[in-house]
Amino acid sequence: MFRLFFTPGWFNGFDLLFDSIGLVIALLISAYSWRIYRFNKENRFGYFSLAFLLVSLSLAFKIFTSGVLYYFPVRETVYQVLAPAAGAHLKYSGLFYRAGFFFQMASMLGAWLVIFLVSQKSRARLTKFYEVSQIGLFVYLLLLVSVVGNFKYVVFYLTSSVLLSLIVLNYYKNYITTKKSSTLKVMASFMFILAANLVYVFVFLQDGSYVVAEVLMLIGFLMLLQTYRQVMRR
Amino acid sequence: MAVRRSRLELVFDILLAIQNKGGKIKPTHLMYKSNLSHKLLNGYLEELLQKELVILEEEPVKKKKRPMKVVRITDKGLSFLAEFRRMREFTDAFGL
């Protein structure tokens with residue numbers, strides 16, 4: 001079986017639970033942003049909704065591929081379903097895992113890229129052709145990173161960290177401008193997600209780092225949930 | 001230079017002006033409070049009336065024969081204000 005990296009056995013399952021929580025939070029934010037988009041038809045809300053939808057898709061791919069790796073009954077079911085296509089003894093099982101990890105990486109990097117672009121400029125963004133064509137180039141590079149990340153997972157987490165650093169910088173500027181607690185929380189939540197991605201890089205040295213990274217990621221998403229609740233309470 | 005208000009922000013400002021005056025306001029006062037020309041305000045008011053966010057009422061005035069016209073915010077208008085505030089908070093929080 002193909003694995004990106006080894007994780008502590010006792011933690012198997014907990015990470016899926018953490019990711020499921022992140023998935024639900026990302027879906028909530030995406031749904032609310034979509035609602036605003038339908039209300040005022042401004043592109044930025046549509047893109048923001050798409051970004052969080054991509055985050056939830058990425059987490060869904062991660063949960064699915066990791067679930068198949070961790071649990072024998074799930075693996076058996078997938079084996080039964082894929083056997084006609086993958087051949088006896090699942091000759092192409094590596095391909096299945098690589099496809100799963102590829103979609104996980106591509107959608108997560110795509111999400112960070114869209115959040116970065118949307119949080120960069122305040123008004124009238126992503127409406128001109130040249131802006132959209134530039135994004136085409138970025139998308140190509142992210143797909144390339146997602147392929148390479150399958151062979152050297154560190155590339156994915158490093159690229160992710162770079163994009164997240166830029167997002168944190170944008171949210172820092174936003175906090176300086178507004179001085180609101182909600183903007184500070186959003187900045188802090190992306191800082192936790194950034195820290196998680198940096199810790200993931202060192203999983204090859206110490207597999208316990210994976211636990212730390214997952215916890216940091218969960219804290220980041222819970223802070224996003226808190227901001228969402230704060231907005232909804234008004 | 002001040003940023004040009006979007007259509008929704010203008011609607012929000014009109015409804016907020018009515019709410020801040022206790023739920024009803026004279027059209028002339030509304031014009032000053034929302035910082036709009038007579039022509040523009042009439043256009044927006046027509047739209048708000050159609051969408052039932054406000055209603056136009058006539059109130060009797062002492063020592064005057066003709067009743068006074070007032071614009072009153074409806075429950076739908078109040079919930080629009082609440083929803084718009086939530087959206088603005090979301091927009092500010094996520095730097096959109």
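**Nonpolar cores and the interchain contact in a predicted model**

In the predicted model, the largest nonpolar core (a set of buried Ala, Val, Leu, Ile, Met, Phe, Trp, Tyr and Cys residues joined through C-beta atoms within 7 Å; buried meaning that 20 or more other C-beta atoms, placed from the backbone, lie within 10 Å of a residue's own) holds 63 residues, of which A:Ala51, A:Ala111, A:Trp112, A:Ile167 and A:Phe190 touch the most other members. At least two residues of this core are supplied by each of H1 (14-40), H2 (43-70), H4 (93-120), H6, H7 (181-201) and H8 (209-233) of chain A and by H4 of chain B, helices being DSSP runs of H or I, at least four residues long, numbered from the N terminus. The largest share, 13 residues, comes from H4(A). Apart from this core lies another, of 16 residues, which include B:Val11, B:Leu30, B:Leu53 and B:Val54.

Beyond its neighbours within four places in sequence, A:Ile167 is in contact (C-beta atoms, placed from the backbone, within 7 Å) with A:Trp112, A:Ile115, A:Phe116, A:Ser119 and A:Phe190. Helix H6 of chain A (residues 153-178) has 26 residues and, at 1.5 Å a residue, should span 38 Å, which agrees with the 37 Å between its end C-alpha atoms; the expected span is 1.5 Å times one less than the number of residues. H6(A) is followed by A:Lys179, whose phi is positive, near 55°.

The contact between the chains takes 20 residues from chain A and 11 residues from chain B, and on the chain B side the largest share, 7 residues, comes from helix H4 (residues 75-93).

Residues are numbered from 1 along each chain as its sequence is written, and chains are lettered from A and ligands numbered from 1 in the order in which they are written. Local features need pLDDT of at least 70 and side-chain atom pairs count only at pLDDT 80 or more, whereas totals for chains, interfaces and linings use all residues.

Terms used:
Two residues are in contact if their C-beta atoms, placed from the backbone, lie within 7 Å. A residue is buried if 20 or more other C-beta atoms lie within 10 Å of its own, exposed if 12 or fewer, and partly exposed in between; C-beta atoms are placed from the backbone.
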